[in-house]
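Me: I've got a model open and I keep running into labels on it. Could you walk me through how each one is earned?

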Amino acid sequence: MKKFIKIGKEQVEVSEELYKEYYKMDRRRRYLEQDVKVGGIDIDPETGRPIYIPSKEDSIERLMENGATFQDKQSVEDIVCDKAILLILQKALKELDSKEQELIQDIYYKNKTTREIAKEENVSQPAIVKRHKKVINKIKKYFS
């Protein structure tokens, strides 16, 4: 299998060994720049003054005290639950066969009615409703 790394806007083919090392370095850099959850101090190159870099781990209460605003009132727990449900749903949808996926796409993403789908497939509307219920029950199994 060919391995590529992105350099600028170009995808460059590399050996597997170089690929692994590159992404280890890239992950370490991202960790140090984005993920480290402790504050730090850096020196401003122009003024020579120290600059405090706040911790990336912060409480919502402290952020709000400092004037941070959030677009909606959804709690962190709700956001985490929503994302977990979405991940489970994506996994369940991948397990459906192509005909079942197409039905879900038609109803939930293309906003087609069961009547429209039945007409397109030249079957009865109750047949589409029955298939839909069967697919929904298949998906529900992932949530129990």
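Reply: Sure, here are the labels one at a time, with the reasoning behind each. Keep in mind that this is a predicted model.

Me: Fine. What does the protein come to in secondary structure, and in which pattern along the sequence?

Reply: There are 6 helices and 4 strands. Along the sequence they run β-β-α-β-β-α-α-α-α-α.

Me: Why is Glu100 called buried or exposed, whichever it is?

Reply: Glu100 sits in helix H4. The cut-off for buried is under 20% relative accessible area. Glu100 has 14% relative accessibility, so it counts as buried. Leaving out residues up to four places away in sequence, Glu100 touches Val135 and Lys138.

Me: And Glu13, what makes it buried, exposed or partly exposed?

Reply: Glu13 belongs to strand S2, residues 10-14. Its relative accessibility is 47%. Partly exposed is the range between the 20% and 50% cut-offs, so Glu13 counts as partly exposed.

Me: How do you know which residues Glu13 touches?

Reply: A contact needs heavy atoms within 4.5 Å. Not counting residues up to four places away in sequence, Glu13 touches Lys2, Lys3 and Phe4. Take Lys3: Glu13 and Lys3 are 10 residues apart in sequence, and their C-alpha atoms are 5.7 Å apart.

Me: What makes a group of residues the largest nonpolar core here?

Reply: The members must be buried residues of nonpolar types, joined through side-chain atoms within 4.5 Å. The largest such set has 11 residues: Ala92, Leu93, Leu96, Leu103, Ile104, Ile107, Ile117, Ala118, Ile128, Val135 and Ile139. Helices H3 (76-94), H4 (98-109), H5 (114-121) and H6 (125-140) each give two or more residues to this core. In soluble globular proteins, nonpolar side chains tend to be buried together. One core member to click on is Leu103, which is in contact with Ile117, Ile128, Arg131, His132 and Val135, once neighbours within four places in sequence are set aside.

Me: How much of the whole protein is buried?

Reply: Buried residues are 14% of the 144 residues. The accessible surface comes to about 12,400 Å², and carbon and sulfur atoms hold 55% of that.

Me: Why is the packing of H4 on H6 called parallel, perpendicular or something else?

Reply: H4 and H6 pack at about 105°, with axes 10 Å apart. Angles from 65 to 115 degrees count as roughly perpendicular, so H4 is roughly perpendicular to H6.

Me: Which residues meet there?

Reply: From H4 come Lys99, Glu100, Leu103, Ile104, Ile107 and Tyr108, and from H6 come Ile128, Arg131, His132, Val135, Ile136, Lys138 and Ile139. By type, the residues of this contact divide into 8 nonpolar, 1 polar and 4 charged.

Me: What makes the phi of Asn111 and the phi of Asn122 worth a look?

Reply: Most residues other than glycine have a negative phi. Asn111 is not a glycine, yet has a positive phi of about 55°. Asn122 is not a glycine either, and has a positive phi of about 60°. Asn111 is in the loop between H4 and H5, while Asn122 is in the loop between H5 and H6.

Me: How do you know whether those two are buried or exposed?

Reply: Exposed means over 50% relative accessible area. Asn111 has 61%, so it is exposed. Asn122 has 72%, so it is exposed too.

Key:
Residues numbered from 1 in each chain as written. Predicted model: local features only at pLDDT ≥ 70, side-chain atom pairs only at ≥ 80, totals over all residues. Heavy atoms only, no water. Buried < 20%, exposed > 50% of the residue type's maximum accessible area, 1.4 Å probe, protein only. Areas by Shrake-Rupley, 256 points an atom, 1.4 Å probe, with all protein chains shown as cover. Axes fitted to C-alpha atoms, helices over the stretch in contact; angles between N-to-C directions. Parallel < 35°, antiparallel > 145°, perpendicular 65-115°, else oblique. Nonpolar A, V, L, I, M, F, W, Y, C, P; charged D, E, K, R; others polar.
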